[in-house]
Amino acid sequence: MRSKLSLRASVFLATAACVVPAAQALTFKPVPAANLDLSQLGRIAVAGDFDAISVFQYYGQNENGTTSQGSHSLLSRYPSGVFATLLASDAYISSMCSIMKDGKVEGVVIGGNFTSLGEIEASGLALFNPTTNTVQPISGLKGKVQAVYCDTSSNNVYVGGSFSAANSTNAVVYSTTQNFTNLPFGGFNGAVNSIIKGPNGNIIFGGSFDGLGNATTPQMRDSQVVPLGTGTITASTTSSQAGFDDPKNIICKTGDNGAGSTWLLADNAPGAWTATFQFGFNPTKLRLYNTNQDGRGTKTFRFTAIPINGIMNLTYSDPTSGETRYCDATCPLPEGNTTAQDFHFVNSIGMNGFRLDISDWYGSGAGLSGIELFQDDIYVFAVDRFNEPKCDSVSNGARATATGPWKESQSLASTSNYLSAQLSGDIDSSSASVVFQPDIKQSGNYSVMIYTPGCLQDNTCSSRGKVNITGGMASTTRTSAAPVSTELYQTNNFDKYDEIYLGYVEASSSNFRPSITIAPSAGQKGPLTFVAQRVRFFLRQSTGGLNGVFEWDPNSKTVDKDFSKSAIDAAAMSLNAGATVNSIAVQGKTLYVAGNLSSTGLSNVFSITDAARSLSEGGLNGEVKAMFQNGSALFMGGSFTGTLTGKTSGLQGFAAYDTATNGWVPLGAGVNGSVSYLVPFSLNLGGKKAETAIALTGWFNKVNGFGKFQELDVHNFAVWVPGRNNWLQNLNLPSISLQGMLTVGLDVPGNPPLFGGSVSSQALNANGAAQLSNSGKDINLQSFPVAVAPQASSSRKRAISADSTGVLTGEYYNKNNFNLTILGGQFTAKASNGSTVQNLAILNGSNKDEVTGFVSGINSGSTVRALGTQGSMLFVGGSVTGTIQGTKVSGMVVYDLSRMDYAQTQPPAFGGSNVSVNAIAPQPTGSNVFVGGNFKSASELDCPALCVYDTGRSQWNSPGNGLKGEVKSLNWVDNTHLLLAGTLSVNGNDSATVLYDSKAQKFTALGGPAGIAAATPGTSDGSQFWVSGKTADGGAMLEKWDGTHWKPAEPALGAGSEIKGLQIFTTNDKHDSSPLVDRNNVLLVLGHISLPAFGNCSAALFNGTAWTPFLLATKGNGAGSLAYVFAQNSNNFFKRGHHKLALGLIVLIGLAISLALLALIITAAVLAERYQRKRDGYLPAPTIIPADKNANMTRIPPEHLFDSVGPNRRSMGPAL
C-alpha cells in the first residue's frame, strides 16, 4: 500500500496570480489584446509541431528554448503562471535570500558562480532590486557562492561557498551598510554548501570542510620562480660596450661577471631595467646579483611596480650586522659582493611588470650580473613559456603540454595570454587537451583552482563549450587524494575561477608530479571554442576537529576551539572522516543533515537533537544532493537507489521521509538517474487554489513507472505534484509547460517569486494542436484530449523532412449528428482502446472524446498533409502509402466516418515520382472533390497536379488540359472558381497562381512570385489573395494580389523566417487604414516567424502596416512551429460578430421604430385621402378611435416585422 504524505495547507511559494501593490512589487506590462473576432467561426484551432503554446500577453514573453552552455537566468512568473526571464546570467544561480527592512524587501541577495548578471559584471554575488528590476554588484568576492542566509534579526547575510572575500575563505558576512565583514574564525578550509539558523538562534554551516581557517603560509617560502625570460626586457642608458649592452644578459644568471653574463649602464649615468609580461603575478622576493666588472656596480635602486607605477617597500638583511632593514626609494646593494642580495616585499601587490630604477653606482658606472623574482603562488600557465624556468637552485620548473589545434590568444581584459582552440564536427576529449604540471615543494592540503578567461573580450560567448577536468594529486591511492573529475562550462562573460579540487596534494619528485588535464567534454558538436589559461594550487591551513558541520553563536566575538561542547559539531564528528554536507533542514528542535556521509548504521542523511541519530532503515544508500522540507515531509534528491537496508522500494533518485511517522515514502518510483536540485513552485491545475509542485533537475532520462502508470521519457527534468501523489505528465490536466532546469526558488514578500535556472515555459501543455476561443477581447487556449508524439525513429522508414512532423492539418466534422475533430500529420497517438494510431487521429466528442484513427493499412512513414470531407467520406491526402483491403494506395485514402473504417471503395492510386497530395478542396456544390499535389496521373487517367474525384460515380476525372507542376494550395473563390497556387505552368507558361473555371474547364494563369507554398483569400469575394513561400535566396516571401498588382508585405519579416500557413481573420475593432489589409481584417501568418523588433514567434498578426506577435510555441527545449488553422465554420472568416442587445431592449427599439413608421404611413395616407376627397368633393367623416389602438400590434414580435432588414438580409458568398 502506498502512503500519501500530508502537506501543509499553505503553499510554499506564492501563487503567480497574487496581487500586490504596484509601487512595491515586480510587475509585468500586458500587451494590447489580439483584437480577433472568433464568434462566427465556431470551434477553431491551430496545428503544428509543438508540445507547448502561449498567447503573447506580456512584454518579455518569448519562445526561446533553454540554454545548453551553462548560462542561467533570474526568473519570475507572469500572472498567467508562465515563467519569465528577468535577467540573464552567464553561469549558475545557486542561492537567494531576501534582505528585509521595516517589513519591506530592501533587496534580494543572489549567489552563484556567475561573473555577470543582467549584463552587469558581478563575481559570484549580487543584489537585486525587485521594484526597479536592477542589479547592484557586490564587489570584493572572487569565486563561487553556493549558499546565502539572510538573518532578519541582525540584518546580516551569511555567505558560503568556494571563494575568497575580505580576509576570509569560503564564508563571510555581508551587509548593505558594511559590505563584507570577516567571521572571527576566518572561514573554512573547504567549501560551504548550506547555511541555516538553528533552533537556538545559532548559525549552522554545512559543507566539505574539516576545520576552521584560511590560507596558510607555505613552509618553503618564495619557492616559485617568476619566468622573467618570457617578458619584454628593455633598458635605458645602456652601455655601448659589446657583450655588456643586452639587458637580457642577467636573466637566469647567478653572479658570473663577463661578457654575455653582465649588463652595464653607460658611464656615470643613472638608468633603468624594465620587464613587462603577458600575465600577472604577486612577487614575494627579489634576488639581485651585483656586478664587479671593472670595479663597477650598482649602489642604490628602487623597485617600481607596473602598471600602478608604485615604489615598493622592501626588507633586506644587512650584510654587516645581519639586522633586518627597510628601504623603498634607495635600496642598497653592497659593493663587490659575490653572492646574491635578497629583498622581501612588505606588501603583496599584483603586477604584470616592474622597473629597477638605478640612482647611484660604484666606480665608473652601474650594472648587474643576475636577477631573479620569486612568489609563493603556485601557478601553471597553458602558455608554457610563462611557467617558471629551471635556471635556479630551487625550481624543478612547472610545465604545460598542449595537444591539438591550440593558438595563443592575447590577454585583452584578462590577466594573461591564453590558449584557444576552434573545433568542428563531433568533439570528444581526444580533440584537444592541455596538461598542467605544477612544481609543488610541500605536500599538504591544497585548493586547486582553474581560471577561465571571459568570453566577451574575444567575442566567443555564442560558441564557448564545456570542458572535462581530470587529474591526479598523489602517487598512491588515498582517500584524501581522490582523482579529479569534473566538468565546467566556459560561457562566463568575465574572468572567473572554479575550485576543482580540495584535498591532499603530494610534492613533486623525480617519480611523481601532480597534474591537471583540461579537454573538451565528449558529446558536443562544433563549431565550438575552448580556452585554457592557468591553474593555481593554494595551500590551506586547518584547525582540524570538524567534519562538515559547524555551529556558531553570532553573539560571540571569539571561537571556542573545543568543538565537543556543541552537540551539533560533536554529532558530525562522530561520522566517518571526510563528510560532505549538501543540505540542512530544521524542524522544531531537530536538525536534518544530508549529503555524502556515513557512520555505523547511518548513511547519507541523519538527524541531530542531542546526538547523531540514524533515520529509518539506516538512511539512503547514495549521496543526497538536495533536500526540501514541507511540513512533516522531507523531500530528497540524489544518487541513491533505496535505503541502506533496502526495505522500502521505489526510492530511486527521489524520495520523501515522513518525520511524523519516521518512515520512508516512495514518490512514484523515482527516476532512473541522479537528482541534483529540488525547487518548489505553485501550480494551478484548474482548482480554486494553487498547489505545490516540486521541480526535479539532475541527470536522468526517464521517470520510472509505478502502479498503472508507465515510465515517461524526460530530459533531466520532471515535476512532482505532492497533493496528487503523481507526476504532472500523468495527470492529464491543463497546466503550464515547463522544461529545462531550476536550481533555486525564493518566495519574496509582496512580490512574485524568484527562481534561478534555464527554462522554456509556455501557458499550456498541448501536443500538435490547440483550440482558440474569445474571452472578451482576449484569446484563450485549450488543449485537445489526445497526446500526439513524434514517430519512433527507424532505419527502415524513409527520410522525413523536419517540416513534415507534428500535426500539419485538421478538420472539424459536425454533420450526421457527429462531433468529430480530425488531426493529420506525421505523429503517433494513443487510441482509447490502448492501440497506437499513426498520422491520423479522430476525436469523437459525442462519445467521451474517444480517440481512433489509422492503426494499420497505412505505412507508419506516411505523412498526412490535407483533409477534406464529402458526405460521410473523409479524404486523407499527403505522402500516403499502404495497402487497404488488398488495394495499394498512393497519395490519398478515403475513410468512412459513419463506419469509422476505411471506405470499401478506394480511389485508384496516383502515379508519378515522390507522389504527394498537398491540398483537398471539395466543391461547395455537387459531388466533386478537387485534389492537388505532386503527381502525374490517377490510375490510367492523365491529370498532372490537379485531379477531380466524382464521389457519385467513384471515379477520377480530368479537370482539363494545359496544367503541369505541383499544387501546394487550393481555395474556392466561389462555387465554380478555384484558386491554385504552387509551382505551376499553363500551356507551357510558368505561373505561380492559376484560376480554374469548373464550368468552362479552363485554366487562367495569374502570374505571381516563384516559390509559393501557401495561399489564402484576402477579401470575401476572392478577388484579392495572399501568397507566401521562399525567395530564391531562401528568405521568406509574403505578397498580395490586389486584383491588379502584386504587392509585398512591408515591413518584411526577419532573416530565418519560414511561413507555413496563412489566414485572414476579422477583428473586433478597426485598425489604421492600409492598402494591404482591410480595416476590419488582419492577416495571421504561421510558421517560424522572426520579427525584427521582437524575435521569434510561431504566429504573428499583420494589419497592413505593422507586425504583432500572437502565438508562441515550443517543442522540447527549443522552438516549435505552427502550420495550419482550421475552423468549424470555415466560410465565416470574413464575417463579423454582432454585439447582441438584451431581448427586452430589442423589443422596445423595434416597437418604437414600427410605431414611428406606422405613424408616417398613416399620416401620408390621411393627407392623400383628404386631398382626393377634397378634389372629389368628399367631406371628412367622423371617426371612432378604439380604446387600444395598438392592441393588434402587440401580438406580433417587432423583430419579426423587420426580418429582412439589416446586415443579415442576404447570405454571404463562400469565403475561405
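# A guided tour, starting at S420

Start by selecting S420: leaving aside neighbours within four places in sequence, S420 is in contact with P405, W406, K407, S409, T529, F530 and V531. Keep in mind as you look around that this is a predicted model. S420 sits in strand β33, which covers residues 418–423. Is S420 buried or exposed? With a relative accessibility of 9%, S420 counts as buried, because the cut-off for buried is under 20%.

## Stop one: a four-stranded sheet

Now colour β30, β43, β36 and β39. These four strands form an open sheet, in the order β30-β43-β36-β39, and their pairing is antiparallel. Look at the two ends of that order: β30 and β39 (496–505) are the edge strands, each with a single partner, so one side of each has no neighbour in the sheet. Averaged over the sheet and ignoring direction, neighbouring strands are turned by 20° against each other.

Zoom in on β36 and β39. How many bridges join β36 to β39? There are nine, and the two strands run antiparallel. For one of these pairings, select Y451, whose bridge partner in β39 is Y497. As background, strands of a sheet pair through backbone hydrogen bonds, either parallel or antiparallel.

## Stop two: C461 and its loop

From β36 (444–452), move to the loop that runs between this strand and β37 (466–472), and select C461 there. Show the sulfur atoms and add C455 to the selection: C455 and C461 form a disulfide, with their sulfur atoms 2.0 Å apart. The link of C455 and C461 is right-handed, with 90° about the S-S bond.

The two cysteines of this link can be looked at in turn. C455 is buried, its relative accessible area being 0%. C461 has a relative accessible area of 28%, so C461 is partly exposed.

Which residues does C461 touch, not counting those up to four places away in sequence? They are C455, L456 and N493. You can also draw a distance from C461 to L528: the two are 67 residues apart along the chain, and their C-alpha atoms are separated by 9.9 Å.

## Stop three: more disulfides

The structure holds four disulfides, and C455–C461 is one of them. For another, select C327 and C331, which are joined with an S to S distance of 2.0 Å. This link of C327 and C331 is right-handed, with 100° about the S-S bond. C327 is buried at a relative accessible area of 9%, and C331 counts as buried at 0%.

Next, go to C943 and C947, where a disulfide has an S to S distance of 2.2 Å. Is the link of C943 and C947 right-handed or left-handed? With -85° about the S-S bond, the link is left-handed. Both ends can be checked for exposure: C943 counts as buried at 1% relative accessibility, and C947 is buried with a relative accessible area of 0%.

## Stop four: salt bridges

Side chains of opposite charge can pair when their charged atoms come close. The structure holds 27 salt bridges, and a few make good stops.

Select K299 and D360 to begin: they form a salt bridge whose closest N and O atoms are 4.0 Å apart. This pair links distant parts of the chain, with K299 in strand β22 (residues 297–306) and D360 in strand β28 (residues 351–362), 61 residues apart. K299 counts as partly exposed at 30% relative accessibility, and D360 counts as partly exposed at 28%.

Move on to R385 and E408, whose side chains meet in a salt bridge at 2.7 Å, N to O. R385 is in the loop between β30 (378–381) and β31 (399–403), while E408 is in strand β32 (residues 406–409), and the pair links these distant parts of the chain, 23 residues apart. R385 is partly exposed, with a relative accessible area of 40%, and E408 counts as partly exposed at 34%.

Then select R724 and E691, a salt bridge with closest N and O atoms 2.6 Å apart. R724 lies in the loop between β57 (717–721) and β58 (726–727) and E691 in strand β54 (residues 691–699), so the pair ties together parts 33 residues apart in sequence. Here R724 is partly exposed at 34%, whereas E691 counts as buried at 16% relative accessibility.

For the last stop, select K285, R287, D342 and E372 together: these residues are linked in a network of salt bridges.

Definitions and conventions
Residues are numbered from 1 along each chain as its sequence is written. This is a predicted model: local features need pLDDT of at least 70, side-chain atom pairs count only at pLDDT 80 or more; totals for chains, interfaces and linings use all residues. Side-chain values use heavy atoms; hydrogens and water are left out. Buried means under 20% relative accessible area, exposed over 50%, partly exposed in between (1.4 Å probe, protein chains only). Contact means heavy atoms within 4.5 Å. Two strands pair if DSSP finds at least two bridges between them. Axes are lines fitted to C-alpha atoms, for helices over the stretch in contact, and angles run from 0 to 180 degrees between N-to-C directions. A disulfide is a pair of cysteine sulfur atoms within 2.5 Å.
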